[in-house]
Amino acid sequence: MTVWEKMAVTKFHWGDPDEAQKTAEDPGGFFTRLSAGSRAAGSKAAKRPPPAMLNTNDALLLLQNFEESKRGWFWSSDAQGNLTYLSESVCRLLGKKISEIIGLPINDLFLPAPPYEDQQRTLSFVLTKQTKFDDLPLQARTPQAEIWWAVSGRAYHDKNGDFVGYRGSGTDITKQRQSAKDNSRLATYDSLTGLLNRFRMSNLLDKTLAAFAAQNRACGIMLIDLDRFKQVNDTLGHPAGDALLKQVAERLIKVVGDRDKICRLGGDEFQIILPDNDDRGALGNMAGEIIHSLSQPYFINDSRCIIGASIGVAVSPFDGHTSESLIRNADLALYAAKGSGRGRFRFYSHELLQAAEDRRALEDDLRDALTKGEIHLAYQPVINAASNIVTGFEALIRWNHPERGPIPPSLFIPIAEDTELIGSLGAWALNQACQDAAKWPSRLKVAVNVSTVQFADHQLPKIVEKALADSGLASDRLELEITESVFLRESPNTNAMFAALKKIGVRLALDDFGTGYSALAYLKDAPFDKIKIDQSFIKGATEPASRNSAIIAAIVALAEALGMETTAEGVETLDQLALIRKLNVSHIQGYVYSKPVSNTVLWENCHDRDWQIEPSGPAKQRGNRLSMYRKVSAIHENHSYPIVIRNLSVSGALIEGILNVPIGTRFVIDFGEGQLALASVCRSHEHRQGIQFEDPLVSDGNGGLCTSRRVSPYMLAAAHTPLQNVSPGYYVTADGSLQPTGLPAFTTVNDWKPA
Ligand code: C2E
Ligand code: MG
Ligand code: MG
């Protein structure tokens with residue numbers, strides 16, 4: 001008897017459902033369905049005579065039809081699990097003849113289950129149990145495309161009850177599996193970029209934080225927001241916006257190295273999870289790299305566009321234990337990064353909460369600042385590099401807040417831009433500068449800054465014309481300073497605006513060249529009269545191995561060829577000045593000549609003669625030290641001393657507060673928020689010491705410094721009290737109680753009384 005026949009004979013008693021019920025070894029869904037179908041048919045047609053029992057040939061034919069329909073297939077194996085039958089359709093799929101297949105272990109038909117699938121459900125496992133199994137999903141070992149089957153089997157036994165093998169069936173479930181996979185992808189991934197979606201990221205973060213809390217492990221997150229994405233969407237259209245987001249995703253994957261750590265939260269917001277990463281140096285480097293990468297030009301349908309990115313960083317458990325608090329704090333950091341000029345990253349710190357409130361208050365105050373007369377202009381001289389003679393002034397807006405004193409424009413101009421106050425503020429500055437300059441000797445020019453928001457306003461030419469007409473200032477004495485970000489739109493309006501302004505006869509200067517988006521290509525087409533090289537670029541130029549001077553030389557050569565002037569901004573030291581002169585930059589603006597002055601001082605120096613200024617200033621730039629007054633504590637042995645930090649650099653600090661500390665003394669400086677830095681005294685004079693850190697500090701993304709790593713709040717909690725709170729003269733024991741330490745080694749300034 002062939003396998004075929006055996007199967008047919010032993011299996012089918014369709015005419016007798018009870019008998020079918022009795023056979024414990026129904027080989028699977030197909031048979032059961034058939035017999036159930038016949039039962040159903042039988043019950044519907046209750047009045048009809050019972051269907052005749054199929055003879056063997058009919059059964060064989062039916063089976064054959066079924067197999068040929070390719071809806072399913074059959075198999076059987078012996079007690080050892082070797083195949084004794086397999087439908088021909090499957091043999092063909094596997095690229096083998098039936099004779100080659102018979103005798104092979106059934107397992108050979110399938111690929112091994114991936115390691116993450118349920119191990120209990122592997123075929124080998126169920127076969128050894130010699131029990132039935134249903135719809136086990138298995139992947140065919142086919143040379144062609146991926147095929148999946150749901151395989152069922154029933155063990156069968158001989159008369160003595162001994163196990164003799166399996167009989168079973170299989171159906172193709174490739175399509176169902178694919179659509180299930182697609183569905184789970186949809187639930188897991190962002191359909192546009194293929195990155196994780198918000199839902200999945202939120203799950204991942206919750207799970208990671210819960211697991212890490214128990215293991216005292218840290219986890220960093222970054223929130224990324226694209227700057228000016230909306231403009232791309234608005235000017236180039238949504239499909240272009242989508243294409244841009246895909247490129248952004250690719251660039252993020254390149255920097256982060258693992259797509260499953262990156263999520264698109266929606267719109268132009270992204271989030272990155274960085275488990276076991278609390279090194280603020282490394283996190284800052286990565287954030288910087290991401291900003292750099294995302295700020296490179298994109299090419300979309302033959303259009304070139306540039307966007308930027310701002311990043312907020314928070315690290316658990318320092319900046320939050322739960323995903324909500326961590327994300328809220330990263331969001332605050334992101335907001336601060338955007339507020340401080342975009343294209344930056346920022347770590348969360350407790351002060352940010354305060355800063356966010358301050359900003360809201362400033363916004364309210366700014367609304368009335370103009371009418372209350374709190375705003376005025378200062379003028380910084382622009383000097384001819386060859387003659388040291390002042391050729392003009394840049395008007396710089398100043399806000400003297402009645403309670404808070406002078407507020408820097410870098411703080412309030414972005415607020416004005418966000419709240420549309422910039423329109424009235426900008427128009428006021430333009431009018432005031434023209435009014436003032438009209439009274440200066442006619443050889444002196446005035447430069448006024450124009451924000452991108454003003455530049456995008458089609459009213460700008462009218463406002464400029466009115467300021468000139470009202471003041472009587474000749475148009476060629478007015479220079480408008482525009483930053484490169486106006487090119488980021490590359491809309492036809494940009495060129496039209498340039499043309500309209502040029503038609504009025506004003507001069508145009510490209511401000512802050514060298515910060516971020518600089519491309520010499522802009523210079524070719526835009527009608528600039530001057531390029532202002534940014535101070536960060538000048539500062540960098542005197543650093544060893546810097547390539548800035550070669551680039552400045554190239555800019556100067558290009559500017560000369562195009563008939564433009566050049567101004568170096570922010571020149572502070574004599575070595576910078578010497579370098580700038582050597583590079584043939586035509587004009588200089590910086591503290592080495594003069595800080596911004598009042599209109600009165602300007603008038604006194606210029607009304608009856610040329611104002612020639614002798615440069616003066618430090619010979620060289622000192623290592624970037626931040627002057628400050630920051631109260632922290634220094635821990636020595638079991639004592640904590642209150643100290644003040646007077647200046648701080650990556651490698652050291654000047655501290656005040658402890659008397660007569662020998663050189664070589666080691667302290668732990670407690671900056672708060674778990675920031676502990678080991679330092680040793682290298683200079684000491686009375687109540688002042690120069691200290692050197694054993695591990696360098698790193699940038700906090702906001703011009704400040706922080707320790708690379710923090711001591712986890714768990715450890716601080718284990719010490720029962722933050723070190724900062726330990727009173728001088730006491731130390732914390734392992735059980736958390738405070739113990740007097742005996743005499744401290746040093747006297748603090750407060751304790752000190754002259755003998
Ligand atoms: P900016 O247009 O690049 O102006 C130059 C800035 O560099 C000024 O800062 C100036 O005081 C500062 N500076 C000049 N020489 C030196 C130096 O040697 N060392 C250092 N450290 N700084 C130097 P300021 O006045 O704080 O203005 C900052 C920015 O605020 C300006 O940058 C400009 O973008 C914006 N701004 C100022 N006034 C206005 C205004 O009326 N309208 C608009 N839209 N923006 C303004
Ligand atoms: Mg300027
Ligand atoms: Mg500038």
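**A note on loops, a mixed sheet and a magnesium site**

1. Let us start with a loop: Asn660 sits between β25 (652-656) and β26 (666-672). Please keep in mind while reading that this is a predicted model. The backbone of Asn660 deserves a look, as its phi is positive, about 50°, although the residue is not a glycine. Is Asn660 buried or exposed? Asn660 is exposed, because its relative accessible area of 54% is over the 50% cut-off.

2. A second positive phi turns up at Asp276, where the angle is near 60° in a residue other than glycine. You will find Asp276 in the loop between β9 and α12. With a relative accessible area of 43%, Asp276 is partly exposed.

3. The two elements beside Asp276 lead us to a sheet. In what order do its strands lie? The six strands follow the order β6-β8-β9-β7-β12-β13. This sheet is open, and its pairing is mixed. At the edges are β6 (196-197) and β13 (345-347), each of which pairs on one side only. As background, strands of a sheet pair through backbone hydrogen bonds, either parallel or antiparallel.

4. The β6 edge can be followed residue by residue. Strand β6 and strand β8 (residues 262-266) run parallel and are joined by two bridges. Within this pairing, Leu196 stands opposite Cys263 in β8.

5. Now for the helices that lie across these strands. Helix α9 (residues 198-215) lies across β6, β7 (219-227), β8, β9 (269-275) and β12 (308-316). The angle between α9 and β9 is about 25°. Helix α12 (residues 280-294) lies across β7, β9, β12 and β13, and α12 runs at about 160° to β12.

6. Just after β12 there is a backbone detail to check by eye. The peptide bond from Ser316 to Pro317 is cis, with omega near 0°. Pro317 itself belongs to the loop between β12 and α13 (323-339).

7. Next, the metal site. Which residues coordinate the magnesium ion (ligand 3)? Asp511 and Asp512 each do so through OD, and Glu569 appears twice through OE, with distances of 2.0 to 2.4 Å. Along the sequence, the spacing of these donor residues is D-D-x56-E. The magnesium ion (ligand 2) is 3.9 Å from the magnesium ion (ligand 3), and Asp511 coordinates both. Asp511 is part of strand β19 (residues 507-513) and Glu569 of strand β21 (residues 565-569), so the pair ties together parts that are 58 residues apart in sequence.

8. It is worth asking about the surroundings of two of these donors: are Asp511 and Glu569 buried or exposed? Asp511 counts as buried, at 5% relative accessibility. Glu569 is buried as well, with a relative accessible area of 11%.

9. Finally, Ser451 is a loop residue, found between β17 (445-450) and α17 (452-455). Why does Ser451 count as buried? Ser451 has a relative accessible area of 10%, and buried means under 20%. Its side chain reaches the backbone nitrogen of Val453 at 3.0 Å. Setting aside neighbours within four places in sequence, Ser451 is in contact with Glu417 and Ile422.

How values were computed: Residues are numbered from 1 along each chain as its sequence is written. Chains are lettered from A and ligands numbered from 1 in the order in which they are written. This is a predicted model: local features need pLDDT of at least 70, side-chain atom pairs count only at pLDDT 80 or more; totals for chains, interfaces and linings use all residues. Side-chain values use heavy atoms; hydrogens and water are left out. Two strands pair if DSSP finds at least two bridges between them. Helices (H or I, at least four residues) and strands (E, at least two) are DSSP runs, numbered from the N terminus. Contact means heavy atoms within 4.5 Å. Axes are lines fitted to C-alpha atoms, for helices over the stretch in contact, and angles run from 0 to 180 degrees between N-to-C directions. Donors are N, O and S atoms within 2.8 Å of the metal (3.2 Å for Na, K and Ca); water is not among the atoms, so sites may look incomplete. Buried means under 20% relative accessible area, exposed over 50%, partly exposed in between (1.4 Å probe, protein chains only). A polar contact is a pair of N or O atoms within 3.5 Å; within protein, one must be able to donate a hydrogen and the other to accept it, and residues adjacent in sequence count only if both atoms are side-chain atoms.
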